[in-house]
Structure formats: structure tokens, C-alpha cells
Amino acid sequence: MKRAISTERLEPLIFRIRGHRVVFDADLARLYRIDTKRFNQAFKRNRHRFPEDFAFRLTAKEVEALRSQFVTSNRQASDFLGTMWSQFVTTSQRRHSHLPWVFTEHGALMAANVLRSERAVQMSIFVIRAFVRLREHVAANAAILKRLAEIDRTLLQHDAALRDVYRKLQPLLAPPSEAPKRRIGF
């Protein structure tokens, strides 16, 4: 690659939709340095290579939900997806006449095979590394959450043991009761 691209630049472009980590068609096209229209034409010519778990089209509700998330998020539109932002805006204005396609890790790799350019091959490696890195982050987070659950369980056990010790010590810590005074007189 002439210009090195860090995977940190791609990770914000990977979203979780329908239980899959996906990249939008416009983002892949921009990575491969071709028009989204040309990218989608190549994809549609080779649609038989992309089963549902490689690529799928978003529904109008999903597009609307994503659009509202991006409008209300703290990120600016320019930080989001560049041309993808305009695709969301114009899609909503045209009543979803063009619903975007999203590609899973395997779909992004297959797209590079369909495009057959040197840039596509380089970018497919880049995309795969970004997906792998995200998987590693998820695995690390899962390990941390598991360890925190163990610590929490241990703390609860210690808390119960301390409460038991406190209950047993409480009678010993109470001030001694006063001895009854002897009455003087009859």
C-alpha cells in the first residue's frame, strides 16, 4: 500500500446490525476507491456469491433507526461516514427508494474478489484485520467481565462472612448491663 491506513479509521465504520458486524456498501466502495454505484453493480452481477450471512439490505426501519442514532449522537456528520451520511439523509427524503447494503467480514472479502483490483485486495486485508481486531477486543472485554463477576462473587461471600462475624461480636461489644442495686430499708 502506498499510504498506510490504520485499522482505527475503519473500526468506527463497523456496526452491529442483526447480530452481525457489518460495513456499509458506501464505505467499502470508498475504501476500494470506486463509486458506490459501480461497487453495487459489481455486487449485483455476482449476487450468487453473497449469501444472506455475507451481505444483506437494510430495511427502511433499520435505516431510520440508524439515521436517528447518528442525528442524536455526539459525533458530527462529517465524522460519521462522509458520503454515507448523505446517503442516509437522501434515502429518508426519497422514502427509502435506495436502501443500503451491508457486508459482513466474509462479504467484504468476497467483494474484493469480485472487484479484482490491486486496491481491492489490499483493502480486503485491511478490512479483515479490522474485523479480527474487533473480535479480539470483544474477547478481551468478555475475559474482563468474567473476572469482574468472579471478584463480585468473592466480595459477596466476604460480605456475608463479615456480617456473620459482626452479629456474633455484637453481644460482646454491648456495654455490660448494670447490676441491680440493693435496696436499702425494709
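## A pocket, some rings and a loop residue

By class, five charged, four polar and one nonpolar residue make up the lining of the second largest pocket. The model you are looking at is predicted, so please read everything below in that light. The space in this second largest pocket comes to about 160 Å³.

Which residues line the second largest pocket? They are Arg16, Gly19, His20, Arg21, Asp53, Thr104, Glu105, His106, Phe131 and Arg135. Three elements each give at least two residues to this lining: strand β2 (20-24), helix α6 (105-115) and helix α7 (118-173). The one nonpolar residue is Phe131, because Phe counts as nonpolar. His20, His106, Thr104 and Gly19 are the four polar ones, because residues that are neither nonpolar nor charged count as polar, Gly among them.

### Aromatic pairs

Now to the rings. How many aromatic pairs does the structure hold? There are seven. A pair of aromatic rings is described by the distance of the centres and the angle of the planes. Two of the pairs are set out here.

| Pair | Centre to centre | Angle between planes | Type |
|---|---|---|---|
| Phe15 and Phe24 | 5.4 Å | 75° | edge-to-face |
| Phe39 and Phe103 | 5.4 Å | 80° | edge-to-face |

Phe15 has a relative accessible area of 11%, so it is buried. Phe24 is buried as well, because its relative accessible area is 0%. The planes of Phe39 and Phe103 stand at 80°, and the pair is called edge-to-face because that angle is over 60 degrees.

The Phe39 and Phe103 pair ties together distant parts of the chain: Phe39 belongs to helix α2 (residues 36-45) and Phe103 to strand β4 (residues 101-103), with their positions 64 residues apart. Are these two residues buried or exposed? Both Phe39 and Phe103 are buried. They also belong to one aromatic cluster, together with Tyr32, Phe43, Phe50 and Trp101.

### Thr59 in its loop

Last, a look at a loop residue. Where does Thr59 lie? Thr59 is found in the loop that runs between β3 (55-57) and α3 (60-72). Its relative accessible area is 36%, so Thr59 counts as partly exposed; the reason is that this value falls between the 20% limit for buried and the 50% limit for exposed.

Apart from neighbours within four places in sequence, Thr59 has contacts with Arg18 and Leu99. Pro100 is 41 residues away from Thr59 along the chain, and the C-alpha atoms of the two are separated by 8.6 Å.

How values were computed. Residues are numbered from 1 along each chain as its sequence is written. This is a predicted model: local features need pLDDT of at least 70, side-chain atom pairs count only at pLDDT 80 or more; totals for chains, interfaces and linings use all residues. Side-chain values use heavy atoms; hydrogens and water are left out. On a 1 Å grid over the protein atoms alone, a cavity is a set of points where a 1.4 Å probe fits but cannot get out, and a pocket is an open set with protein on both sides within 12 Å along at least five of seven lines; lining residues have an atom within 4 Å of a point. Grid points are joined across faces, edges and corners, and a volume is the space filled by probe spheres set on the points. Helices (H or I, at least four residues) and strands (E, at least two) are DSSP runs, numbered from the N terminus. Rings of Phe, Tyr and Trp (its six-membered ring) pair if their centres lie within 6.5 Å; planes under 30 degrees apart count as stacked, over 60 as edge-to-face and the rest as tilted. Buried means under 20% relative accessible area, exposed over 50%, partly exposed in between (1.4 Å probe, protein chains only). Contact means heavy atoms within 4.5 Å.
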